[in-house]
Amino acid sequence: VMGLFVLPAHGLVDHDVFVMVGVPGQGNAVLAGLENPEQSFATWLEPWGRLDQGDVHHGNGTQALTANNPNIAYCSFHQSPAYPGTGKSDDVGAHTNVLNIPLPPGSGLVDYQQAWGALAYPFLSSIGADILLVSAGYDANQADPLAGMCLRPSDYGWFARVALSLTPAVLFGLEGGYDYDTLAQSVAATIQVACCDLVAVN
């Protein structure tokens, strides 16, 4: 598994840092960010999949780690109905710090964009997060054999762009995706946008 990190390095070095590292086990790189969140709000955004398996199913494990922590907000876009059957929209966490956005099979970029504008962006932008952790699973691709969503590889560039619009302090942790051609194209789209946006900021 490869973790993709976009981290602000202000106070550490004189430029932003983009690092690719290998980590044993899906989600471990992103999970590490939850172990020591910043004193103020950290934000967890999961537009593509869940933490533990990196797929389009609801991240029930991620939610279990975050729902009772008032210093972390969690947002999940996921296919519903689908295993494990959790992630209903009225499940908001102990501190109203969870936003679940279940989408029906067949959903494409327009559906994600509408949900982002109406639900996710108002929720996440109101928090003022120190860092945004993205659990980046790529199996919502239309070609993926294990799910029923209809994203295309280029759509993941849009996800990267809206993540970076919330804060330049973003960590992308690579997770699922089981059609290897579209997985590679989707990761490339994410990296291209993240790198270009970092260059533009600097």
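Student: What makes a β-α-β crossover right-handed?

Tutor: Point the strands away from you. If the path from the first strand over the helix to the second runs clockwise, the crossover is right-handed. Here, in a predicted model, β6, helix α4 (residues 155–166) and β7 make a right-handed β-α-β unit.

Student: How many bridges join β6 to β7, and do the strands run parallel or antiparallel?

Tutor: Strand β6 covers residues 131–136, and 5 bridges join it to β7. The two run parallel. For a landmark, take L133: its bridge partner in β7 is L171.

Student: Where do side chains point along a strand?

Tutor: In a regular strand they alternate between the two faces of the sheet. Now look at β7. V170, F172 and L174 point one way. L171 and G173 point the other way.

Student: Are the residues of β7 buried or exposed?

Tutor: Buried means under 20% relative accessible area. In β7, residues 170–174, 5 of the 5 residues are buried, so the strand is largely enclosed by the rest of the structure. Both sets of side chains are covered: V170, F172 and L174 on one side, L171 and G173 on the other.

Student: What comes after β7 in the chain? Where is G176, for instance?

Tutor: G176 is found in the loop between β7 and α5, which spans 180–201. G176 is buried, with a relative accessible area of 1%. Its C-alpha atom is 9.3 Å from that of A140, although the two are 36 residues apart along the chain.

Student: Which residues does T190 touch?

Tutor: Look past the sequence neighbours, up to four places away. T190 then touches Y138, Y156, A160 and F172. F172 is one of the β7 residues that point the same way as V170 and L174. T190 itself is in helix α5. At 1% relative accessibility, T190 counts as buried.

Student: On to helix shape. How far apart are the end C-alpha atoms of α3?

Tutor: Compare the end-to-end span with that of a straight helix. Helix α3, residues 109–125, has 17 residues. Its end C-alpha atoms are only 21 Å apart, short of the 24 Å that a straight helix would reach at 1.5 Å a residue.

Student: Where does α3 bend?

Tutor: At W116, by about 50°. W116 is buried, with a relative accessible area of 9%. The other buried residues of α3 are Y112, A115, A120, F123 and L124.

Student: How many aromatic pairs are there?

Tutor: Ring centres must lie within 6.5 Å for a pair. By this rule the count comes to 7 aromatic pairs. One of them joins W116 and Y121: it is tilted, at 6.1 Å centre to centre and 50° between the planes. Y121 is partly exposed, with a relative accessible area of 38%.

Student: Why is the W158 and F159 pair edge-to-face?

Tutor: Planes over 60 degrees apart count as edge-to-face. The planes of W158 and F159 are at 65°, with ring centres 5.1 Å apart, so the pair is edge-to-face. Both residues are buried: W158 has a relative accessible area of 18%, and F159 has 3%.

Student: Which residues form the aromatic cluster?

Tutor: One cluster is formed by F77, Y112, W116, Y121, Y138, Y156, W158 and F159. Two of its members, Y138 and Y156, are also touched by T190.

Student: Now the backbone. Where are cis peptide bonds found?

Tutor: Check omega. A cis peptide bond joins S80 and P81, with omega about 10°. The bond from Y83 to P84 is cis too, with omega near 5°. P81 lies in the loop between β4 (72–79) and β5 (98–103). P84 is in the loop between β4 and β5 as well.

Student: What is unusual about the phi of T96?

Tutor: The sign is the thing to check. T96 has a positive phi of about 50°, although it is not a glycine. T96 lies in the loop between β4 and β5. It is exposed, with a relative accessible area of 57%.

Student: And the strands on either side of that loop: in which sense do β4 and β5 pair?

Tutor: In the parallel sense, over 6 bridges. Use H78 as a marker: its bridge partner in β5 is P102. β5 is mostly covered, with 5 of its 6 residues buried.

Definitions and conventions
Residues numbered from 1 in each chain as written. Predicted model: local features only at pLDDT ≥ 70, side-chain atom pairs only at ≥ 80, totals over all residues. Heavy atoms only, no water. Buried < 20%, exposed > 50% of the residue type's maximum accessible area, 1.4 Å probe, protein only. Helix = DSSP H or I, 4+ residues; strand = E, 2+ residues; numbered from the N terminus. Pairing = 2+ DSSP bridges. Expected span 1.5 Å × (residues − 1). Bend = angle between axes of the 7 residues up to and from the residue. Phe/Tyr/Trp six-rings, centres within 6.5 Å; stacked < 30°, edge-to-face > 60°. Contact = heavy atoms within 4.5 Å.
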